[in-house]
Amino acid sequence: MSNKSISMSDALYEYTIENWLREPEILRELREETKSLPNHNMQISPDQGQLMGVVAKLIGATSYLEVGVFTGYSSLSVALALPPDGTVVACDVSEEFTSVARRYWKKAGVDGKIDLRLAEGVVTLDALIREARQFDMAFIDADKPNYLNYYERCLRLVRQGGLILIDNVLWSGKVADVDDRQEETEVIRGVNRMLLGDERVDLALIPIADGLTVARVR
């Protein structure tokens, strides 16, 4: 037994993948294709995708908001978990990367659920606020300097009792390196400090992949 999270060696990680991962073939194909891209490390891990799908089902989500799509692994993971009438609004700025996502959404038969909006994230979120949209769950995984801007807007868009998931909050361990003063590291540290004191949400950290914060809107 241990009173802190276990360290994840490569061997132990492979064991978890072999014994818990239920990755649909369509997601495996997408992950394999993304590996060939120079920015492939931007994709979430398959175990995180599976977790997000389970979380969506746990809260009975029918609507999902994503800020930062890349090639679509996270959006496809959640779209597959939503009921047939579920809806996804996916926000990104890259036509190149989201063209891969579109292809896999269509191949998986969930493209009808997904509304892709290509614009700056803040612009899209402000438009959704004006539309009085509401979501059960949101996922923030885009440009780090805007994390707090995205978070504040998601607080207005996610219903009471809904969830806001925030990716990369451990930042490859750099957040704990006192000598690391890079801008994005400092931004993530600031986000983590702010969330700790934010009484508008209930808070948990899941040390999966690069760290996933779960904030439940009170």
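**Exercise 1. Classify E29 by exposure and place its salt bridge in the fold of this predicted model.**

Solution. E29 has a relative accessible area of 22%, and it therefore counts as partly exposed, since the partly exposed class lies between the 20% limit for buried and the 50% limit for exposed. The model is a predicted one, and in it the side chain of E29 meets that of K107 in a salt bridge, with an N to O distance of 2.7 Å. K107 belongs to helix α5 (residues 95–108) and E29 to helix α2 (residues 25–34), so this pair ties together parts that are 78 residues apart in sequence. The lysine of the pair, K107, is exposed, with a relative accessible area of 56%.

**Exercise 2. Find which salt bridge R103 and E33 form, and state which helices it connects.**

Solution. The side chains of R103 and E33 meet in a salt bridge at 2.6 Å, N to O. Because R103 lies in helix α5 and E33 in helix α2, the pair ties together parts that are 70 residues apart in sequence. As for exposure, R103 counts as partly exposed at 44% relative accessibility, and E33 is likewise partly exposed, with a relative accessible area of 27%.

**Exercise 3. Describe the surroundings of R31, and decide whether this residue is buried or exposed.**

Solution. R31 is found in helix α2. With a relative accessible area of 16%, R31 is buried, because the limit for that class is under 20%. Leaving aside residues up to four places away in sequence, R31 touches E23, Q43, P46 and Y73.

**Exercise 4. Check the length of helix α8 against its residue count, and work out how its buried residues are arranged.**

Solution. Helix α8 comprises 14 residues (residues 183–196), which at 1.5 Å a residue should span 20 Å, and the distance between its end C-alpha atoms, 20 Å, agrees with this. The expected span takes one less than the number of residues as its multiplier. Next, the buried residues of α8 are T185, I188, R189, V191 and L195. Seen down the axis of α8, the buried residues fall within an arc of 160 degrees, so they line one face of the helix. The face turned away from that buried side carries the exposed residues E183 and R193. Finally, the elements that cover the buried residues of α8 include α7 (147–157), β5 (158–167), β6 (201–206) and β7 (212–217).

**Exercise 5. Examine the salt bridge between R189 and E186, and then look at salt bridges across the whole structure.**

Solution. The side chains of R189 and E186 meet in a salt bridge of 3.3 Å, N to O. R189 and E186 are three residues apart in helix α8, and therefore they are separated by about one helical turn. R189 counts as buried at 10% relative accessibility, whereas E186 is partly exposed, with a relative accessible area of 27%. Elsewhere, salt bridges that share partners join D115, R117, E131 and R133 into one network. A search of the whole structure finds 18 salt bridges.

**Exercise 6. Which residues touch the most other members of the largest nonpolar core, and what does M52 touch?**

Solution. The largest nonpolar core has 31 residues, of which M52, Y64, L76, W105, M137 and L165 touch the most other members. Not counting residues up to four places away in sequence, M52 touches I44, Y64, S74, V78, M137, F139 and L165. A second, separate core of 28 residues includes V67, W171, I188 and L195; I188 and L195 are also among the buried residues of α8.

Notes: Residues numbered from 1 in each chain as written. Predicted model: local features only at pLDDT ≥ 70, side-chain atom pairs only at ≥ 80, totals over all residues. Heavy atoms only, no water. Helix = DSSP H or I, 4+ residues; strand = E, 2+ residues; numbered from the N terminus. Buried < 20%, exposed > 50% of the residue type's maximum accessible area, 1.4 Å probe, protein only. Arc of directions from axis to C-beta. Contact = heavy atoms within 4.5 Å. Salt bridge = Lys/Arg side-chain N within 4 Å of Asp/Glu carboxyl O. Core = buried A, V, L, I, M, F, W, Y, C linked by side-chain atoms within 4.5 Å.
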